[in-house]
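Here's a walk through one model, sheet, helix pairs and a few single residues included. Have the sequence and the 3D view open as you read.

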Amino acid sequence: MDVATISLIEDEDILLDIASLALSHLDHENIDIAPYLEMLEAIEDRVCQEGRSAFLSEERAAVLSRVLHGELGFAGDAEAYDAPVNADFIRVLDRRRGLPIALSILYVAMARRAGWSAYVLNLPSNVLVQVGEKNPVVIDPFAGGRLVSQRRVAALCRACLGDVGDAFALGVLRMSNRDVLARLLNNQAVRAENDNDPQRAVTVYRRITEIAPGLIDAWQNVAR
């Protein structure tokens, strides 16, 4: 899969982990991608095995946390948060550390592989993951998949939507698959700019315009 292919896929048909891996591979063309595909399949197997009897949203969220964080050690990189590797999906899989958006992609992708509903939520200065449609729960992949309290979720919704926002407004905060990929790439571009590497930044911003041409900010950043 390449950028052109991703741009042609209907949003709901984009597999977030595979697309993220493909975008990362553009920067690691000499790396064999097969072991990473096998890794994702192995994680899927563990989630499906552990989640056989998980029917409630809370139970499914707990399975994701137990497998991805408890068994495999995926967690946020608080010590080197701004390091470019934290937005590079291949390196996130290598190091088992990453930014909230990269870890959220992994959590949502594994939930969906298990046949569960899951979404990346766009929140102020952060992203979280919603698991489930009816009686959903919200978890924080950066914190090892820790459950976010309903009170905290309601407060975050109000911060985004004003007084009309509450825990039932989560649907408004769901990101499309293209928006999720664009946010991952945008983190790479911003870090390139911070490292005084405008050529790299332009390359990444152009990738955003290809996979999500409707995002005006990406075009403005290319022009800038």
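Contact here means heavy atoms within 4.5 Å. By that rule, and leaving out residues up to four places away in sequence, Val85 touches Arg91, Val92 and Arg95.

A word on ground rules before going further. This is a predicted model, in which local features need pLDDT of at least 70 and side-chain atom pairs count only at pLDDT 80 or more, while totals for chains, interfaces and linings use all residues. Residues are numbered from 1 along each chain as its sequence is written, and side-chain values use heavy atoms, with hydrogens and water left out.

**Val85, Gln188 and Gly70**

Val85 sits in the loop between β1 (75-76) and α5 (89-95). Helices (H or I, at least four residues) and strands (E, at least two) are DSSP runs, numbered from the N terminus. Is Val85 buried or exposed? Buried means under 20% relative accessible area, exposed over 50%, and partly exposed in between, with a 1.4 Å probe and protein chains only. At 30% relative accessibility, Val85 therefore lands in the partly exposed class.

Follow the chain for 103 residues from Val85 and you get to Gln188, yet the C-alpha atoms of the two are separated by 8.6 Å. Gln188 belongs to helix α9 (residues 177-194), and its 10% relative accessibility makes it buried. Again not counting residues up to four places away in sequence, Gln188 touches Asp27, Ala87, Asp88, Arg200 and Val204.

Gly70, in helix α4 (residues 57-71), counts as exposed at 60% relative accessibility. Its C-alpha atom is 9.4 Å from that of Gly145, with their positions 75 residues apart along the chain.

**The sheet**

Now for the strands. Four of them make an open sheet in the order β3-β4-β5-β6, with antiparallel pairing. Two strands count as paired if DSSP finds at least two bridges between them. β3 (118-123) and β6 (146-148) are at the edges with a single partner strand each, so each has one side without a neighbour in the sheet. Direction ignored, neighbouring strands are turned by 40 degrees against each other on average. Axes here are lines fitted to C-alpha atoms, for helices over the stretch in contact, and angles run from 0 to 180 degrees between N-to-C directions.

Here's how the pairs line up:

| Antiparallel pair | Bridges |
|---|---|
| β3 and β4 (residues 126-131) | six bridges |
| β4 and β5 | three bridges |
| β5 (residues 137-140) and β6 | three bridges |

To find the register of β3 against β4, look at Ala118, whose bridge partner in β4 is Val131, and at Asn122, which has Val127 of β4 as its bridge partner. Val131 also stands opposite Val137 in β5. Moving over to β6, Leu147 is the bridge partner of Ile139.

The hairpin of β4 and β5 has five residues between the strands, and Gly132 takes a positive phi near 95 degrees there.

How many residues of β3 are buried? Five of its six, which leaves the strand mostly covered. β4 is largely enclosed by the rest of the structure, because five of its six residues are buried. As a general point for reading side chains in the viewer, in a regular strand they alternate between the two faces of the sheet.

**Two helix pairs**

Helix α2 (residues 16-25) and helix α3 (residues 34-50) have axes that come within 11 Å and cross at roughly 160 degrees. That makes α2 roughly antiparallel to α3, on a scale where angles under 35 degrees count as roughly parallel, over 145 as roughly antiparallel, 65 to 115 as roughly perpendicular and the rest as oblique. The crossing of α2 and α3 is right-handed. A crossing is left-handed if the near helix is turned anticlockwise from the far one by less than a right angle, and right-handed if clockwise.

Which residues meet where α2 packs on α3? From α2 come Asp17, Ile18 and Leu21, and from α3 Tyr36, Leu37 and Leu40. The residues of this contact of α2 with α3 divide into five nonpolar, no polar and one charged. Ala, Val, Leu, Ile, Met, Phe, Trp, Tyr, Cys and Pro count as nonpolar, Asp, Glu, Lys and Arg as charged, and the others, Gly among them, as polar.

Helix α10 (residues 198-211) and helix α11 (residues 216-223) pack at about 150 degrees, their axes 9 Å apart, and the crossing of α10 and α11 is left-handed. Tyr205, Arg206, Ile208 and Thr209 of α10 make the contact with Ala218, Trp219, Asn221 and Val222 of α11. The contact of α10 with α11 has five nonpolar residues, two polar and one charged.
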